[in-house]
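The following questions and answers concern the strand pairing and the nonpolar core of one model. Please consult the sequence and the structure while reading.

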Amino acid sequence: MAIKRSSQAGSIKQILKRCSSLGKKKNMNGCYYTDDGLPQDVPKGHFPVYVGPNRTRYIVPISWLDYSEFQTLLRLAEEEFGFDHDMGITLPCDEVFFRSLISMFR
């Protein structure tokens, strides 16, 4: 089930606030955070995720929350890793799968 547009902003805020590294203003690994809690290099309307064993960082648009496949990845991430850690949202899949999945979103 896709997230309705009216609740999309609220849903992403909940996800980002539950991820401790995005909910605090701090310097981690040389990255400064804005007042919104996002790293400065993340454009408005996007958020970072980490994928694969090397935790490759991807900046993804909030609009991807409309896709049930991406929502499933977020639910799996919460079950496997939780959102209360310093790394950010880590998705439980390898990079090949993730790139294949996001190619369908474009």
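Q: In the hairpin of E1 and E2, which residue takes a positive phi?
A: This is a predicted model, in which local features need pLDDT of at least 70, side-chain atom pairs count only at pLDDT 80 or more, and totals for chains, interfaces and linings use all residues. Residues are numbered from 1 along each chain as its sequence is written, and side-chain values use heavy atoms, with hydrogens and water left out. Strands (E, at least two residues) and helices (H or I, at least four) are DSSP runs numbered from the N terminus. Four residues lie between the two strands of this hairpin, and the one with a positive phi, near 80°, is Gly 52.

Q: How many bridges join E1 to E2, and how many join E1 to E3?
A: Two strands pair if DSSP finds at least two bridges between them. E1 and E2 run antiparallel and are joined by six bridges. E1 and E3 run parallel, and the number of bridges joining them is three.

Q: Which residue in E3 stands opposite Val 51?
A: In E2, Val 51 has Thr 56 as its bridge partner. In E3, the residue opposite Val 51 is Leu 91.

Q: Which element supplies the largest share of the largest nonpolar core?
A: A nonpolar core is a set of buried (under 20% relative accessible area, 1.4 Å probe, protein chains only) Ala, Val, Leu, Ile, Met, Phe, Trp, Tyr and Cys residues joined through side-chain atoms within 4.5 Å. The largest one has 20 residues, and Val 60 and Phe 70 are among those with the most contacts inside it. Strand E1 (46-51) and helix H3 (68-80) are among the elements that each supply at least two residues. The largest share, four residues, comes from H3.

Conventions:
Buried means under 20% relative accessible area, exposed over 50%, partly exposed in between (1.4 Å probe, protein chains only).
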